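Q: Could you walk me through this structure, with the cut-offs spelled out as we go?

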Amino acid sequence: MKPSLPQGTRDFSASTLRKRNFIFNTIKSTFELYGFEPLETPAVENTETLLGKYGDEGDKLIFKILNNGLDNPTKKETARADFETILEGRTNKGITERALRYDLTIPFARYVAMNQGQLTFPFKRYQMQPVWRADRPQKGRYREFYQCDADVAGSSSLLHETELALIYATVFEKLNVRVELKINNRKILTALATLCGGDDRMIPITIAIDKLDKIGLEKVKEELTTRGLNEEQVGLVESFISIKGSNEEKLHQLETMFSNIAIGLDGVNELRLILSTYENINQTTTPIIVDLSLARGLNYYTGSIFEVKAIGVQMGSIGGGGRYDNLTGLFGVNGIAGVGISFGVDRIYDVMEELNVFPENIQKGTSLLFFNTGQQEQQHILRIAQLLRSKNISCEIYHEAAKFDKQFKYAEKKSIPNIVIIGSKEIEAGTAVIKNLSSGIQKEVAQADLDKHF
RNA sequence: GAGGUUGUAGCUCAGUUGGUUAGAGCAUCUGAUUGUGGUUCAGAAGGUCGUGGGUUCGAGACCCAUCAUCCUCCCCA
């Protein structure tokens, strides 16, 4: 059979992995600087833990795992009946009891709900693991990709929003990626829905305005009309998303617009507080921008919402997050608020590759190669290599006494910067020949001092 | 779920209106080179042209199906 990879998945080789790890390490160390602690959850969750949390579209994109033992003859009739419900488009425990994790937030909520008695609140955790979506792959979209989440459970303090925004700014500055950090508040969108005829207008309105920068104002208005808004209501939405100016100017206009709607004013005040603390503290060059068309599809958000876009690259959002008032409510535990952000490592990688901003020094592998001149010498070299390794110098020995030509080419292909020759002559003299491959400079040193040269 | 793109050597790609034995560059291997590479030169190896049907005297090329791929929409990181 021909070897192949499932759609939307990738192998990562050494140079890619070093760059990816650079991103992971940057995010991880920043999370820890802010007091978040690590958590890992299984790749597989019970299907019912995940279903119904991401909307109808989301449910369709969850990878479900076929149960084992369906071919057991004694269970054949039950299996057949269960499968009928699958054909009707519903999931069934008898066929797919488990599913692959779709994001990290719901598993986190499940974990908090299960362990609420043991946790210290506010509970701050970070999690960097792959998630899977049965989506159609395309640019910046994979079926297996990593998310790096930091969430706080059990606190409604807006301090967390500010700190999470600072984490975004810090990480992207460390990665040398210029970004636009966009913020909005679901309460403002709720107020808009109220103005437009009721809370049930919330989802259609958010879905439509979220597409503003992609499809333009006219198409958004069309979509609002087909979703049942009348002319006056469409006009309201239009004047809402047309609000321009500085952050403060936008907030000011919103106050006028929602002067009679408490939840709207509430949202404006939250935004103002987060913005002022951020702007006071932030030492990076990343601006935070109020974007009223920012809506975010996931419907569990209830307060602040964030999104990060890279500047200068055509790519969907590389990070997003927000506040959800009742994180664990779906698991029967009420009263635990949450707020969190997520980094899309795979997209960040694509962006950094396109902008060519990875540092040079992260590709460091083996620092020297010992040439192999024969069995006898190999024994001697092995001892020296172990000594260097104990001093934290990475080295390898060419696996056979081949022509120098071959050994040189091996070193060059693996980008090993130095080669060391210890042949019979050198063993006798107690010396070693070091050659730097990029400069071509060669020197003879005492074997005992070898470690001092790397 | 809807629409489009592209599948030829390990990689990147040529291949004329259908016509002998399907090509190039890079990479690989061998030699020039018995302890000093990158350059150069000489040579070798590598393909059931994604798969299966069809049209034709003749198909890498045309038609149909199928699979894969990348991209767009939906939705999202």
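Q: OK, which order do the strands of the eight-stranded open sheet have?

A: In this predicted model, where local features need pLDDT of at least 70 and side-chain atom pairs count only at pLDDT 80 or more, while totals for chains, interfaces and linings use all residues, the eight strands follow the order β1-β5-β6-β11-β10-β9-β7-β8 in an open sheet with mixed pairing. The edge strands, each pairing on one side only, are β1 (37–38) and β8 (288–290). Two strands pair if DSSP finds at least two bridges between them, and the elements themselves are DSSP runs numbered from the N terminus, with helices being H or I of at least four residues and strands being E of at least two.

Q: And the numbering, what conventions does that follow?

A: Residues are numbered from 1 along each chain as its sequence is written, chains are lettered from A and ligands numbered from 1 in the order in which they are written, and side-chain values use heavy atoms, with hydrogens and water left out.

Q: Back to the sheet: in which sense do β7 and β8 pair?

A: Strand β7 (residues 179–185) pairs with β8 in the parallel sense over three bridges, and within that pairing I288 of β8 is the bridge partner of L181. In general, strands of a sheet pair through backbone hydrogen bonds, either parallel or antiparallel.

Q: Which strands does helix α6 lie across?

A: Helix α6 (residues 159–174) lies across β5, β6, β7, β8, β9 (304–310), β10 (319–324) and β11 (338–344), and runs at about 10 degrees to β11. Helix α13 (residues 262–281) lies across β7, β8 and β9, at about 150 degrees to β7. Contact here means heavy atoms within 4.5 Å, and the angles, from 0 to 180 degrees, are taken between N-to-C directions of lines fitted to C-alpha atoms, for helices over the stretch in contact.

Q: How many strands form the sheet that holds β12?

A: Five strands form that open sheet, ordered β13-β12-β14-β15-β16 with mixed pairing. Its edge strands are β13 (395–397) and β16 (442–446), each paired on one side only, and the twist from one strand to the next averages 25 degrees.

Q: What pairs with β12 in the parallel sense?

A: Strand β14 (residues 418–421) pairs that way with β12 (residues 368–370), over three bridges, and L369 stands opposite I419 in β14. Helix α15 (residues 375–390) packs on this sheet, touching β12 and β13, with its direction at about 165 degrees to that of β13. Helix α16 lies across β12, β13, β14 and β15 (431–436), running at about 160 degrees to β12.

Q: Changing topic, how many residues surround RNA strand B?

A: There are 39 residues around RNA strand B, the closest being R133, R141, R296, S317 and R347, where near means that a heavy atom of the residue lies within 4 Å. Of the atoms of RNA strand B that come within 4 Å of the protein, 45% belong to sugar and phosphate.

Q: Which parts of the RNA do R141, K139 and K403 approach?

A: For R141, a side-chain N or O atom is 2.3 Å from a base nitrogen of RNA strand B, whereas for K139 a backbone N or O atom lies 2.9 Å from a phosphate oxygen. The side chain of K403 has an N or O atom 3.4 Å from a phosphate oxygen of the strand.

Q: Which element gives the largest share of that surface?

A: The largest share, seven residues, comes from α16.

Q: How confident is the predictor overall?

A: Chain A has a mean pLDDT (the predictor's confidence in each residue, from 0 to 100) of 90, with 99% of its residues at 70 or more, and the complex is given an ipTM of 0.83 and a pTM of 0.90.

Note on methods. A polar contact is a pair of N or O atoms within 3.5 Å; within protein, one must be able to donate a hydrogen and the other to accept it, and residues adjacent in sequence count only if both atoms are side-chain atoms.
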